[in-house]
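Me: I am new to this structure and should like to learn how its descriptions are justified. Please explain the terms as they arise.

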Amino acid sequence: MIDRETVQRILDAADIVEVVSDYVTLKRSGASYIGLCPFHNERTPSFSVSRAKGLCKCFSCGKGGSPVNFLMELEQISYTEALKRLAKKYNIEVKERELTDAERQQASERESLFAVNDFALNYFEHNLTDTDDGRDIGLSYFRERGINDWAIKRFRLGYSLPKGDALYRAATAKGFNEKYLFDTGLCAKTEEGRVYDRFRGRVIYPIFTTSGRVVAFGGRILQAKKEGVGKYVNSPESAIYHKSVEVYGLYQARQAIAKKDRCIMVEGYMDVISMHQSGIENVVASSGTSLTEGQIHKIKLITRNLTVIYDSDAAGIKASLRGINLLLAAGMNVKVVLLPEGDDPDSFAQHHSSSEVEEYIEKNSQDFIAFKTDILLKGVSNDPIARANVITDVIESIALIPDPITRNVYIQECANRLGMSEKLIVQQCDKLITARRDKEALKQAKEAAARTLQGLDQIQDTATQTQEIATKSESTEQDDAIFLAKFERAVLRYALKYGAVEIGDEAYDQEGNPMSITVIDYILGDLEGDGLAITTPLYARAINMAAQLLITEWPAARDRSEERIEQERREMWDRGVAEIRDSGCSVADIDRREKELQARCDEMVAQARDEVAQHFIEKQLASCDDDEIRRLTTDLVSDRYQLSKIHTKHAHIETEEERLYSLVERAVYELKDAVLECQQRSIRRKIKDLCSQEGYNPSEVLALMQENKRVTEIKAEFAKFLGERIVAPRR
């Protein structure tokens, strides 16, 4: 476990924009940043990142959170692992304590799978360089292929010993559970029950996630193939590995892709490694499999520009065209490069310098539609039927392009290239687009119907229960709890979003003097004064955690921020004074400008203090180790919209922060009013139950009616404050 002091250093250092930028290309939008959501496929950016809040959130699928929660959600890793990842990014030494036996047992299965993969990664690397078989067979193979030490280390290449169960024995000797060796596919059993290593006698290509975790391996056999033995063997699907979403080399290439705003796609492991070794580092591979939507999505998060490199194998090119169609449908800008006869990306990179490779790619890139047309039209110019089929195929690809302007440009080019009517191509595209939309709508309708049928029994049971409850009373305690939770949630939002902010001038002590108290202190104190508290368990836990943070963490955090703010104030003052002195103004003018500078410095300090206080609670709870609290905090403090500067240019519109005291006060009053409403409901239920009994005591009913009248009078006073209708007493 990581000690609390180290956790706080990590949380203080983590910049949400920097963390998210490792996975998503962000663009500034006002005070925030936006990009395509990494959690689901989308064409229009709805993923918002706020550096001030330290939070990100997709306003389409709802996922996001702090840097910690973002990594946990995206990489499917534990809280501790996410902290370690951030510590490594910001060069923070992690101080840990030994886990107890109980804590070890609670370690997730996913982490166990990652752990055994990490062991295998180091084991394979050791075999390659530090064993006789590894050096004589594995390392010799890489040397023959022209791979140097830099590339071997960059891609963590390895070798699996030919002995049937060497890895199994080494891993179990280190205490790894054989279950995870089988679950990751590192080892397997024959029908007779004999254990063997899947990758025995092969050179190893580790497959990493975009954040650098090894999730799978690919292995190439070096000896003569036996019948039924494949040249390549890959890890099977597992809880941590889904081949349809992993892109080989993306971890090593992601920074170069982002820098150049272009990804180069090749076919195999060696193609990627040789290209990187030659200096072209924005290269990835589909690993010999058909390109999938999941793989495209991962690339699209970094760039929309993709160049696909083909060798001159016409059959292989035609087989790959379907994957290109998926790229077009995803809104990618696709270019294609055809290598010279006899070359593949591996050999071409080995025999040319990086500048020569880049120059060749630049000169020989062509858009996909033109490339596809040329490839498919070869040899069919004298066959009208075949030519018509090619034209139909090309139009189908054009119809997949989501952007209407880009699609129209390709339609014009296609019409010129094929000598066809542009109008006819437009009509055909429109027909295909309409058919695709209808098909998608039908698919969604079928899925919705399936979900409805699947939950029909549950819906019917719920309806029956609801009907039975309704016959017993007008409302139940469960109904009251649901009703009350809405108002508690509104109060909790202010507590989590502004908990450490001091609200003064409108709050007074017993002598009538203005006093400053934090939002959380105001909320809890006001409720406690009336004998009330937050009752929804999750909300109660959240506000109590927030209140505890004010006691244990806020003083130190405030002191740290004061040092930073004071440093910024001194720097601002020194810069301003230097500018004033250099301007050569009169003494009177210098005095006036220094007073203005002092006012600006004071304003900056006040604003910085408010910002620290405003975001303290949300940053802490959005990064805590409680899954429910993290999600709740992110959901409550994330704002979907911000006022445009246009709306505040000519007239001042009060912000939430400026009206904070009155808004918090009103939210607490509304919660109290809701509590009174629930009390009235409870009284009415009791009256109804009493009256339904034979020989009930009228005095008990009268007492309940008096209690109901008292609550109604209080609600009437609340209604005056809240600006609602006056509640008329029940007769």
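Reply: One open sheet has five strands in the order E13-E12-E14-E15-E16, with mixed pairing. This is a predicted model, in which local features need pLDDT of at least 70, side-chain atom pairs count only at pLDDT 80 or more, and totals for chains, interfaces and linings use all residues. Residues are numbered from 1 along each chain as its sequence is written, and side-chain values use heavy atoms, without hydrogens and water.

Me: What makes E13 and E16 the edge strands?

Reply: Strand E13 (283-285) and strand E16 (366-367) each pair on one side only. Strands are DSSP runs (E, at least two residues), as helices are (H or I, at least four), numbered from the N terminus.

Me: How do you know that E12 and E14 pair?

Reply: Two strands pair if DSSP finds at least two bridges between them. Strand E12 (residues 263-266) and strand E14 (residues 305-310) have three bridges, in the parallel sense, so they pair. Met265 has Val308 in E14 as its bridge partner.

Me: Why is Glu413 called partly exposed?

Reply: Partly exposed lies between buried (under 20% relative accessible area) and exposed (over 50%), with a 1.4 Å probe and protein chains only. Glu413 has 26%, and is therefore partly exposed. Glu413 belongs to helix H19 (residues 404-418).

Me: Which residues does Glu413 contact, leaving aside its neighbours within four places in sequence?

Reply: Glu413 is in contact with Asp367 and Ala370, where contact means heavy atoms within 4.5 Å. Ala370 is 43 residues from Glu413 in sequence and 8.2 Å away, C-alpha to C-alpha.
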